[in-house]
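New notebook page. I'm going through this one from scratch and jotting things down as I look them up.

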Amino acid sequence: MAKFTCRDYGFDCDFIAEGDNIAKVIEEYGKHSCDEHGIEYSKEALMQFILRKHG
Ligand SMILES: [Zn+2]
């Protein structure tokens, strides 16, 4: 299970992307971050966030 909580990345935002399909969660959060916050993370960077968090 992968999970992105927008607040964890310093945004004052309640968006959460989660699911069993990591690629899909990454895509969902990447889109949100770009659309809502104007920050475009690479898929590799988002993957690193997940790996760091879930160890
Ligand atoms: Zn957000």
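I started at Ala45, which sits in helix α2. Helices here are DSSP runs of H or I with at least four residues, strands are runs of E with at least two, and both are numbered from the N terminus. Is Ala45 buried or exposed? It counts as exposed, because it has 11 C-beta neighbours inside 10 Å. The cut-offs I'm using: buried means 20 or more other C-beta atoms within 10 Å of the residue's own, exposed means 12 or fewer, partly exposed is in between, and the C-beta atoms are placed from the backbone. I also checked Ala45 against Ile26: they are 19 residues apart in sequence and 9.6 Å apart in space, C-alpha to C-alpha.

A note to self on ground rules. This is a predicted model, where local features need pLDDT of at least 70 and side-chain atom pairs count only at pLDDT 80 or more, while totals for chains, interfaces and linings use all residues. Residues are numbered from 1 along each chain as its sequence is written.

Next, confidence. pLDDT is the predictor's confidence in each residue, from 0 to 100. The protein chain averages 91, and 96% of the residues score at least 70. Among the elements, α2 (residues 43-54) has the lowest mean pLDDT, 84, and α1 the highest, 96.

Then I stepped back to the whole chain. I found two helices and two strands, in the order β-β-α-α along the sequence. The C-alpha trace spans about 25 × 20 × 15 Å along its principal axes. The radius of gyration is 10 Å, which agrees with the value near 10 Å for a compact globule of 55 residues. That radius is taken over C-alpha atoms, and the globule rule is 2.2 Å times the number of residues to the power 0.38. Of the 55 residues, 15% count as buried.

On to the strands. In β1 (residues 2-5) the side chains alternate: Ala2 and Phe4 point to one face and are buried, whereas Lys3 and Thr5 point to the other and are not. I saw that β1 pairs with β2 (residues 16-19) in the antiparallel sense, over four bridges; pairing takes at least two bridges found by DSSP. Which residue in β2 is the bridge partner of Lys3? I looked it up, and it is Glu18.

After β2 I stopped at Asp20, in the loop between β2 and α1 (22-37). Asp20 counts as exposed, since it has 8 C-beta neighbours inside 10 Å. From Asp20 to Ile39 I get 24 Å, C-alpha to C-alpha, with their positions 19 residues apart in sequence.

Now α1. Which of its residues are buried? They are Val25, Ile26, Tyr29 and Ser33. They cover an arc of only 100° around the axis, so they lie on the same side of α1; the arc is that of the directions from the helix axis to the C-beta atoms. The face turned away from that buried side carries exposed Ala23, Lys31, Cys34 and Asp35.

His37 is also in α1. I have His37 down as partly exposed because it has 15 C-beta neighbours inside 10 Å. His37 and Gly10 are 27 residues apart along the chain, and their C-alpha atoms are separated by 11 Å. Last entry: just after α1, Gly38 takes a positive phi of about 70°.
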